[in-house]
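I opened the model to see how its interior is put together. These are my notes, in the order I looked things up.

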Amino acid sequence: MSRTPRTLVRVLSAGSAAGLLAISLSACGGSEASSVASDCKPAHADLKTITQGELTVASYDYYPATRVEGDTVTGMEGDLIGEIAKLECLKVTVSTSGGAGAVIPSVQTKRVDIGSGSWLRTKERKKIVYLSTPLWNDPQAIISTKGLTSDDLEGKVVGSVAGNLYNNSLQKWLGDKFKVYQDDESIYGDLKAGRIDAIVASAASAKGRFKDAPIEGAKVVDVKPNAHVPEFASVGQVMLPSSLDNEALGKALDEDIEKLRENGTIKKILEKYGLNPAVGQPGAATEL
């Protein structure tokens, strides 16, 4: 199955995403065509969204965080957003055109209410969007067919997708042995063909990808602190970005996320997609 190119810790694009494709999904009714139940009582009354009664989400295919197929969105974040929409009596509308690069700009320019697709809490993003309370931790990893660790990369040909926060550090350390790719399809293709020795990427993303497209002998080894790559010292926290101009929505998301953590929903979602539920207890919010 072909997939939209995927990246994880993406670059902060300032460009716009034209022609967003809206797909309506029912979140508080039964079927995709149904409306929110008339007796549904939202957790936060008078919550304002771009379109009344709807929660518009910028997303793209990045399994296991998000998977957009036809007129549905699933994955860890897709399921969680559906649960949030139920709490707020909102119908989910998904905008998919533009891929990963359109998500943050679409939130920033208020084309959508929130973004999804494993976006991490960072100091730079905090300047332009509201960062929700952490959903879960997202450890990074070294993916190779030789079981390489973050201490074994010197002298190796290493790839990473454009926009990853640690790319500059890896470039300084590895020089011309470090390669930047525009999408996952290319980078994993080169790993499979032996053109690169290792990939630096999200552990969850790699494990999710290998369920659909395994590479013989591939191992996913979580990074550990490395003097050459200070970014490896901290584990990123995934969040749902929303507009700085709609703080009420951001705070409502925070409260809904914590409620879904407390009632065990987040734990069940993580287990459903094969992740250790311990990552759903990310601790106090931090920014990379």
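**Core.** I am working with a predicted model. I began with the largest nonpolar core, which has 43 residues. Met 76, Leu 80, Ile 114 and Trp 136 touch the most other members. I then listed the elements that give two or more residues to this core: strands S2 (54-58), S5 (91-95), S7 (119-120) and S15 (236-239), and helices H1 (75-88), H2 (100-108), H7 (247-262) and H8 (265-272). Helix H1 gives the most, six residues.

**Overall counts.** I noted eight helices and 16 strands for the protein. Of its 288 residues, 52% are buried. I also checked the contacts between residues at least 6 apart in sequence, and 76% of these join residues at least 24 apart.

**Met 76 and Leu 270.** I looked up what Met 76 touches, leaving out residues up to four places away in sequence. The list is Pro 64, Ala 65, Trp 136, Ile 269, Leu 270, Tyr 273 and Leu 275. I followed up Leu 270, which lies in helix H8. Its relative accessibility is 0%, so I count Leu 270 as buried. Leu 270 and Met 76 are 194 residues apart along the chain, and their C-alpha atoms are separated by 6.6 Å. With the same sequence neighbours left out, Leu 270 touches Met 76, Trp 136, Leu 275, Asn 276, Pro 277, Val 279 and Gly 280. Trp 136 and Leu 275 are therefore on the list for Met 76 and on the list for Leu 270, with contact taken as heavy atoms within 4.5 Å.

**Helix H2.** Is H2 enclosed or open to the outside? Seven of its nine residues are buried, so H2 is largely enclosed by the rest of the structure. I wrote down the buried ones as Ala 100, Ala 102, Val 103, Ile 104, Pro 105, Ser 106 and Val 107. These residues pack against strands S2, S6 (114-115), S7 and S16 (241-242), and against helix H3 (123-126).

**Positive phi.** Just after H2 I came to Lys 110. Lys 110 is not a glycine, yet its phi is positive, about 65°. The residue sits in the loop between H2 and S6. With a relative accessibility of 44%, Lys 110 counts as partly exposed, because that class runs between 20% and 50%. I found another positive phi at Ser 118, near 65°, again in a residue other than glycine. Ser 118 is in the loop between S6 and S7. Here the relative accessibility is 5%, so Ser 118 counts as buried.

**Aromatic pairs.** How many aromatic pairs does a search of the whole structure find? It finds three. I looked at the pair of Tyr 63 and Tyr 273, whose ring centres are 6.0 Å apart with the planes at 70°, so I entered it as edge-to-face. Tyr 63 is in the loop between S2 and strand S3 (67-69) and Tyr 273 is in the segment after H8, so the pair ties together parts 210 residues apart in sequence. Tyr 63 counts as buried at 12% relative accessibility. Tyr 273 is buried as well, at 8%.

I also looked at Tyr 188 and Phe 210, which form an edge-to-face pair with 5.7 Å centre to centre and 90° between the planes. Tyr 188 belongs to helix H5 (residues 184-193) and Phe 210 to helix H6, and the pair links parts of the chain 22 residues apart. I have Tyr 188 as buried, with a relative accessible area of 3%. Phe 210 counts as buried too, at 14%.

**Second largest pocket.** I put the space in the second largest pocket at about 290 Å³. I found 25 residues in its lining, with Ala 203, Ala 204, Lys 207, Leu 275 and Asn 276 nearest the centre. Strand S9 (136-138) and helix H6 (203-212) are the elements that give two or more residues to the lining. H6 has the largest share, six residues. By type, I entered 14 nonpolar, seven polar and four charged residues for the lining. Leu 275 and Asn 276, which I have just noted by the pocket centre, are also among the residues that Leu 270 touches.

Note on methods. Residues are numbered from 1 along each chain as its sequence is written. This is a predicted model: local features need pLDDT of at least 70, side-chain atom pairs count only at pLDDT 80 or more; totals for chains, interfaces and linings use all residues. Side-chain values use heavy atoms; hydrogens and water are left out. A nonpolar core is a set of buried Ala, Val, Leu, Ile, Met, Phe, Trp, Tyr and Cys residues joined through side-chain atoms within 4.5 Å. Buried means under 20% relative accessible area, exposed over 50%, partly exposed in between (1.4 Å probe, protein chains only). Helices (H or I, at least four residues) and strands (E, at least two) are DSSP runs, numbered from the N terminus. On a 1 Å grid over the protein atoms alone, a cavity is a set of points where a 1.4 Å probe fits but cannot get out, and a pocket is an open set with protein on both sides within 12 Å along at least five of seven lines; lining residues have an atom within 4 Å of a point. Grid points are joined across faces, edges and corners, and a volume is the space filled by probe spheres set on the points. Ala, Val, Leu, Ile, Met, Phe, Trp, Tyr, Cys and Pro count as nonpolar, Asp, Glu, Lys and Arg as charged, and the others, Gly among them, as polar. Rings of Phe, Tyr and Trp (its six-membered ring) pair if their centres lie within 6.5 Å; planes under 30 degrees apart count as stacked, over 60 as edge-to-face and the rest as tilted.
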